[in-house]
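Here is a short report on the model shown below. It takes the strands of one chain, then the helices of the other.

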Amino acid sequence: MGKVALALAGIAKAHGSNAVVRGLDLEIFEGEFFVLLGPSGCGKTTLLRMVAGLSDPDSGRIALGGSDVTSVPAEARNIAMVFQDYALYPHMTVRNNLAFGLKRHRVPRDQIGGRIERVARMLAIEQLLDRKPHQLSGGQQQRVALGRAIVREPLLFLMDEPLSNLDAQVRANTRAELKELQHRLGVTTLYVTHDQVEAMTLADRLAVMNLGRLEQVGRPLDVYRLPATLFVAQFLSSPRLNLLAGEIAGGTVRTPVAVFPTGGASGPGGPVQVGIRPEWLRFSPDPVAGSLPLDVALIEPLGAEVLVHARWPDGELVARVAVDGKLPDRGKVWIDAAASRLDLFDADGRRIGSTPGDAEPSNPREISPPLQPAAARGA
Amino acid sequence: MKRVVGRILLYAAVLIAAALVAMPMYWLVVSALKPSSEIFTATPRWLPGRIEWRNFVNAWEGAAFGRYFINSVGVTAAILFLQLVTSSLAAFALARRRFVGRGFILFAVIGALIIPIQVTFLANFITLQHFGWLDSYGALIAPFAASAFGTFLLRQAFLAVPDAIEDAARLDRCTGLAFLWHFLLPLARPTVVAFVLVALVAHWNDYFWPLIVTNRDQIRTLPIGLAMFVSQEVTTDWNLLMAATLFVAGPVLIVFFLTQRYFIRSHVNAGLKR
């Protein structure tokens, strides 16, 4: 990665007594597609608006391309933003929506037409240039909003959940186009979403945000493989993360349903939280030593995979199993502890053992489960 | 069958209502075109036996209607222009900016909306007297340079513009008054047109205030001129009076006719999410 395009240092913001962003540091590099991922209310949109200059941080500095812009007003920052509901100018044609910002930025009139044509061709909206926004479909409006940002040729793109108002099919297509487009244009992009699939697929790097703080920053697969906190593991898990109470004792983790090898994770011993991703949990149809028999309660077919819900009196576990793998019948299953992979967290939710710092594993097989997880394959 | 009968009844009711509204207007036009001999007849004549165009010429020459007309156009145009400027600026601040005392000012605007205009006449008259503006165009225009009604109406329309539009405009380097000009006013156009029409009718037809503050014939407006015409010239020439009335009512009718689609749309929009 090259030069730092955007640097945030100690950014904090409160609405009244409610701290929304709590002392946050972040560096984004030139040309990078950076995704801020977090649940609603975690402060990610607030952070984006502060970067845009639409709201002021209570403390901290924002530097854009090496120069401090903390007190520079939004209109002078040369940033373009795509809003969640697009915020197209309803009384202007698509052409004027694109041209307006250029005129206000005093781009010479003879260049405006050419730039609009080029962007319109890029986004396949040439036929829509003389329409008004209310005559466009959601997907078309989204393209125009994107075009309005691109045509400005800004230093930085900000995107606030730009795909969330599209239906599933259009969203998947647009997602792929967006990534390709960003790589082609090479403009640094800060993208906010609560959708983990969007974050995983789009990001060069991502940050998981919770309660106004960054839980973890890294490349999508690294964050996925080695979640730094229980929150990250839970947020990047679909369906939900299996969570068990456990105890480390002599190279093993003892839980109510099975005894797992710690896989090198060493700790002082004592109570831990055990997280097992559904795709990394293995069931065996045959009894396994140290494992409790579980009742298969529900099998949900997803297509290429099925979700197997298995219960014991005190809880339920979910495994995501490839259809070509061995399907358990309704009946009893046991946890194949040796083939499953787990993440261990302390009482505060911090990872125990291998840290995200050594995120690049020398041998990927070491941390991959026997069956390649779907999310990793899709990414 | 039931539906057909319902339709017929509905149309009949609408036609009667329309006739009731149109009748005085029709009678005004027809009377203005009749010779004086046809004004009073035993049975009402729905059409003039002979069209008397001379009525308009005689009425026009009967008083300084040319002068009144110019005065009315000038005074009304100045009032509308000033009201649009002051109302849109005030509405912009009240709708889209946060500042200390905003709630109180809004309350004051709504309060001014409730107070009948006649209550302010005495204070305005004394103020203008101190300025030495009585019997001048300033006296006709200045008291109406701001409008609580316009401010409140435009504020409501400006509030309806989503904040995200303002954010987007800001990143496109369009802020402050440029945002008012390029976004708020165009987006509130139906409301602006409706306000202009209401204010136009009110000030074009205004009689009481111009009567109080004017003495010279040269600065009088049409409604005053018409009243003078009635009392001085043509107490019995009803056809000339009707022709003169058309000078006053005609321009407003024409403007309303040309802009009615905006007017109706604005009333429809008032109840709908845009």
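## Strand pairing in chain A

In this predicted model, strand S1 of chain A covers residues 4-15 and strand S2 of chain A covers residues 18-29. The two run antiparallel and share eight bridges. One residue pair shows the register: Lys13(A) has Val21(A) of S2(A) as its bridge partner.

Two residues sit between the strands of this S1(A)–S2(A) hairpin. Gly16(A) has a positive phi there, near 65°.

## A second partner for S1(A)

S1(A) also pairs with strand S4 of chain A, residues 59-64. This pairing is antiparallel too, with five bridges. Here Leu8(A) is bridged to Ile62(A) of S4(A).

Side chains in a regular strand alternate between the two faces of the sheet.

## The helices of chain B

What secondary structure does chain B have? It has 13 helices and zero strands. Read from the N terminus, every element in the order is therefore α, since elements are DSSP runs of helix or strand.

## Dimensions and packing of chain B

Chain B has 274 residues, and 30% of them are buried. Its radius of gyration is 23 Å. A compact globule of 274 residues would come near 19 Å. Along the principal axes, the C-alpha atoms of chain B fill a box of roughly 70 × 70 × 35 Å.

How much of the contact set in chain B links residues 24 or more positions apart? Such pairs make up 76% of the contacts with a separation of 6 or more.

Methods: Residues are numbered from 1 along each chain as its sequence is written. Chains are lettered from A and ligands numbered from 1 in the order in which they are written. This is a predicted model: local features need pLDDT of at least 70, side-chain atom pairs count only at pLDDT 80 or more; totals for chains, interfaces and linings use all residues. Helices (H or I, at least four residues) and strands (E, at least two) are DSSP runs, numbered from the N terminus. The radius of gyration is taken over C-alpha atoms; the globule rule is 2.2 Å times the number of residues to the power 0.38. A residue is buried if 20 or more other C-beta atoms lie within 10 Å of its own, exposed if 12 or fewer, and partly exposed in between; C-beta atoms are placed from the backbone. Two residues are in contact if their C-beta atoms, placed from the backbone, lie within 7 Å. Two strands pair if DSSP finds at least two bridges between them.
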